[in-house]
Amino acid sequence: MPEHDHLAFYVEDLTVGQRFKSKGFDLSIEHIKEFATEYDPQPFHLDEDAARNSLFGGLASSGWHTAAITMRLIVDSVPFAGGVIGAGGEISWPRPTRPGDRLSVVSEVESITPSRSKPDRGMVVLRSETRNQNDEVVQVLKARLVVPRRSAGG
């Protein structure tokens with residue numbers, strides 16, 4: 001659970017445009033290779049020489065690794081009551097993440113829709129940009145999240 005769970009936000013506490021910023025995460029070559037070995041064992045994630053001759057022109061982290069790091073940073077920085085519970089979304093990787101990158105995430109509430117059929121919750125669209133130390137966007141995640149309401153009458 002996030003260390004700030006006592007500050008949990010319910011649907012009623014959120015506003016469109018509200019932002020949350022994560023701490024940084026340092027991406028090491030070892031971390032990239034460890035993840036790739038287990039989950040995405042492609043040469044451009046595992047071998048510097050093979051990666052130099054690939055589309056990436058050098059070792060790159062798996063997009064799914066970037067997504068997993070992003071999830072961790074969102075969980076630690078977006079204090080939604082009940083946790084960060086996904087109901088679908090869209091993801092894109094405009095540029096690769098590299099060894100030595102320091103990743104951070106800025107998340108912004110794009111929409112809030114209280115459920116009509118389930119009065120105990122609502123749907124929040126959260127757009128999260130993962131950026132490197134040069135402020136370059138390496139991932140965009142637009143997620144639909146289920147967030148509880150403080151009360152059914154809300």
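This briefing walks through helix α4, its packing against helix α1, and the surroundings of Glu-129. The model is predicted, so please read the points below in that light. Helix α4 covers residues 63-77, helix α1 covers residues 29-39, and Glu-129 is found in strand β5, residues 121-131.

**Helix α4**
- At 1.5 Å a residue, the 15 residues of α4 should span 21 Å, and this agrees with its end C-alpha atoms, which are 21 Å apart.
- Ser-62 caps the N-terminal end of α4, with a side-chain oxygen 3.1 Å from the backbone nitrogen of Trp-64.
- The buried residues of α4 are His-65, Thr-66, Ala-67, Ile-69, Thr-70, Leu-73, Ile-74 and Ser-77.
- As a handy reminder, an α-helix has 3.6 residues a turn, so residues three or four places apart point the same way.

**Where α1 meets α4**
- The two helices, α1 and α4, pack with their axes 10 Å apart, at an angle of about 110°.
- That angle falls within the 65 to 115 degree range, so α1 and α4 are roughly perpendicular to each other.
- On the α1 side, the contact involves His-31, Ile-32 and Phe-35; on the α4 side, Trp-64, His-65, Ala-68 and Ile-69.
- By character, the residues of this contact are five nonpolar, two polar and no charged.

**Glu-129 in strand β5**
- Glu-129 has a relative accessible area of 16%, and it counts as buried because that value is under 20%.
- The side chains of Glu-129 and Arg-127 are joined by a polar contact of 2.6 Å.
- Leaving aside residues up to four places away in sequence, Glu-129 touches Ser-104, Val-105, Val-106, Val-137, Gln-139 and Val-140.

Technical notes
Residues are numbered from 1 along each chain as its sequence is written. This is a predicted model: local features need pLDDT of at least 70, side-chain atom pairs count only at pLDDT 80 or more; totals for chains, interfaces and linings use all residues. Side-chain values use heavy atoms; hydrogens and water are left out. Helices (H or I, at least four residues) and strands (E, at least two) are DSSP runs, numbered from the N terminus. Buried means under 20% relative accessible area, exposed over 50%, partly exposed in between (1.4 Å probe, protein chains only). A polar contact is a pair of N or O atoms within 3.5 Å; within protein, one must be able to donate a hydrogen and the other to accept it, and residues adjacent in sequence count only if both atoms are side-chain atoms. Contact means heavy atoms within 4.5 Å. The expected span of a helix is 1.5 Å times one less than its number of residues. Axes are lines fitted to C-alpha atoms, for helices over the stretch in contact, and angles run from 0 to 180 degrees between N-to-C directions. Angles under 35 degrees count as roughly parallel, over 145 as roughly antiparallel, 65 to 115 as roughly perpendicular and the rest as oblique. Ala, Val, Leu, Ile, Met, Phe, Trp, Tyr, Cys and Pro count as nonpolar, Asp, Glu, Lys and Arg as charged, and the others, Gly among them, as polar.
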